[in-house]
Amino acid sequence: MNPAYGGAVVLTLKLAGLTTLILLLLGTPLAWWLARTRSWVKLPIGALVALPLVLPPTVLGFYLLVALGPHGPLGQLTQSLGLGLLPFTFSGLVLGSVIYSMPFVLQPLQNAFEAIGEQPLEAAATLRASPLDTFIHVVLPLARPGYLSAAVMGFAHTVGEFGVVLMIGGNIPDSTRVLSVQIYDHVEALEYTQAHWLAGGMLLFSFAALLALYALNPGGQRQGAAQR
Amino acid sequence: MTAAVEQRLHARFRLSHPGFTLQVDLNLAGAGVTALFGASGSGKTSCLRVIAGLSRSDPDCNAYIAVNGKVWQDDSAGLFVPVHQRAIGYVFQDANLFTHLNVAQNLAFGRQRVAAAQQRIALEQVVALLGIGHLMQRRPGTLSGGERQRVAIARALATSPRLLLLDEPLAALDAQRKAEILPYLEKLHSELDLPVLYVSHATDEVARLADQMVLLDAGRVSAAGATHELMTRLDLPLAHGDGAGALIHATISGHEALYHLTLADFPGGRLRVASQPRALGQRLRLRVLARDVSLTLAPQAGTSILNILPARVVAFADDSPGQVMVALDAGGTALLARITKKSVDALSLVPGSAVYAQVKGVAIVG
């Protein structure tokens, strides 16, 4: 096997792992807030974070590139913080992936939290559990199926992203050249054998991920609804 | 020694929803079972939720909630104790067990969050009281409705609450399941020294369980007092209709073994009831329905009716068309009799008339 595969595979797994971790940490409070708030800003915020679902990835990547560039507001911010410029770096790729994969993590979490409803929270409060205690010992276990879905969807989706990566990451070996970009390179170069290896690997990986999700979580989201 | 804390339950607040306002100012004995009684939509559950802290009263109503010396809410002092810091046990209408935990873990959830020094009720006692020892490893989803409700009551009791709040714990159950749980609730009453607020719209439940009652009607308290007094007050809807009747607190004074009868004495006389396997001197709660009481002017000889009590007519009120509810005083104990208007005229009954109440049926409700 071509040693360049190894670099791309490790980079892709690193990117997807880190992105998923960040998304679960960010997504938990955000999804909790979206599931519970009655504020009118819920709708615009919900629509905003769901935008990557409908937006062409290149559009998202283009705006990120502009915003993160030397004249963009985020670019000036990262420069003044001494972080330099993020486009065409791994950090920039992580930022783009977090935004791009956000809805795939947020929505399973929000659905799980909404399915739990008010009742277990009230029961926990009458049993002396503080709100944080309740969140850790009642909400998180009850939302476990949602977390599984969120992690698998977030991870798999980041592994498969292409447009955003190409726009703000480019194609730098061991820094931003992830699997999907590498497959594109091979196809461009008419190296179909190599493309087959990588594409087939991705196909198997995605199938295995979904299989694991269904096996670990029989009934999936329906379980949350049936509990009510 | 400090003086004993006043055993009272105070609750004063207002709660407004669109089209509905609940306004109460309660000052109740902080012991025994108190029923919050009323039709659905009268505000019973809302009242319970505000006392528990699950619902917030109107910000401008100067709410005050205190239970046996512990103040949980005092708007004038800006005090609101969050739900999880109130020593309450709350049983929801539909049990509301944690589905991710088994029965034992459900019981442990609240208990392990209470300091050991404040645990007055032993877990084994609770488990035995509610008869759930064989269910400990089961998941809530595999329990019957009645079992779930018993576990929910046990879970609340396991926290050694200072006040037990029961929100229609039997409402979601069929008659058979109800009959399965009621004895446990009665044991609760007799074995634990714990004030209980019990929301109900069923007269028979209240007659069995409640020492005192608060009647709610469209968000207002229409009456409050001892159960046996409210049950016979003709100005209240409780004393009307088919289920109306008196509640009598009696003491077992003897047994007629030959006839399988037990003698139950109360200030107004003696009732013979179906044999009870209980010792002399034990208390009995008896329910005498108004429709089971007929009146005569002279004591009847040659009748199969065992229980005939001398009484005085206190007042009348129209019941259904042609029917009159008669309030009676039998030696200080109130009774109700529902008779026809024609009989009232035929016997020339007026307040003060001396009559004999023939009691055709007595139910033992505790």
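## A two-chain model, piece by piece

Chain B comes with 8 helices and 21 strands; here helices (H or I, at least four residues) and strands (E, at least two) are DSSP runs, numbered from the N terminus. Its radius of gyration is 23 Å, close to the 21 Å that the globule rule gives for 366 residues, so chain B is as compact as a globular protein of that length. That radius is taken over C-alpha atoms, and the rule is 2.2 Å times the number of residues to the power 0.38.

A quick word on the ground rules. This is a predicted model, in which local features need pLDDT of at least 70 and side-chain atom pairs count only at pLDDT 80 or more, while totals for chains, interfaces and linings use all residues. Residues are numbered from 1 along each chain as its sequence is written, and chains are lettered from A and ligands numbered from 1 in the order in which they are written.

Now for chain A. It has 12 helices and 0 strands. Here are some values for both chains. A residue is buried if 20 or more other C-beta atoms lie within 10 Å of its own, with C-beta atoms placed from the backbone. Two residues are in contact if their C-beta atoms, placed the same way, lie within 7 Å.

| Chain | Buried residues | Share of contacts (separation of 6 or more) from residues 24 or more positions apart |
|---|---|---|
| Chain A | 37% of 228 residues | 74% |
| Chain B | 40% of 366 residues | 65% |

As for outer dimensions along the principal axes, the C-alpha trace of chain A spans about 65 × 45 × 30 Å, and the C-alpha atoms of chain B fill a box of roughly 65 × 50 × 50 Å.

Chain B is split into domain 1 (8–227) and domain 2 (245–249 + 281–364), with bounds that come from an automatic or database domain assignment. Taken over C-alpha atoms, the centres of these two domains of chain B are 35 Å apart.

Let's look at some strands of chain B. Two strands pair if DSSP finds at least two bridges between them. An open sheet of 5 strands has the order β2-β1-β4-β5-β6 in chain B, with antiparallel pairing. β2 (20–29) and β6 (79–80) of chain B sit at the edges with a single partner strand each, so one side of each has no neighbour in the sheet. Inside this order, β4 (residues 64–67) and β5 (residues 70–74) of chain B are joined by 4 bridges, and B:Tyr64 has B:Asp74 as its bridge partner in β5(B). Helix α1 (residues 44–52) of chain B lies across β1 (8–17), β2 and β4 of chain B, at about 115 degrees to β1(B). Such axes are lines fitted to C-alpha atoms, for helices over the stretch in contact, and angles run from 0 to 180 degrees between N-to-C directions.

Further along, β12 (residues 245–256) of chain B pairs with β15 (residues 283–289) of chain B in the antiparallel sense over 7 bridges, with B:Ala246 opposite B:Val288. β12(B) is also joined to β13 (residues 261–266) of chain B by 5 bridges, again antiparallel. The hairpin of β12(B) and β13(B) has 4 residues between the strands, and B:His260 takes a positive phi near 55 degrees there.

Finally, where do the chains meet? The contact takes 17 residues from chain B and 14 residues from chain A. On the side of chain B that touches chain A, β7 (88–91) and α2 (103–111) of chain B each supply at least two residues.

Technical notes
Buried ≥ 20, exposed ≤ 12 C-beta atoms within 10 Å, placed from the backbone.
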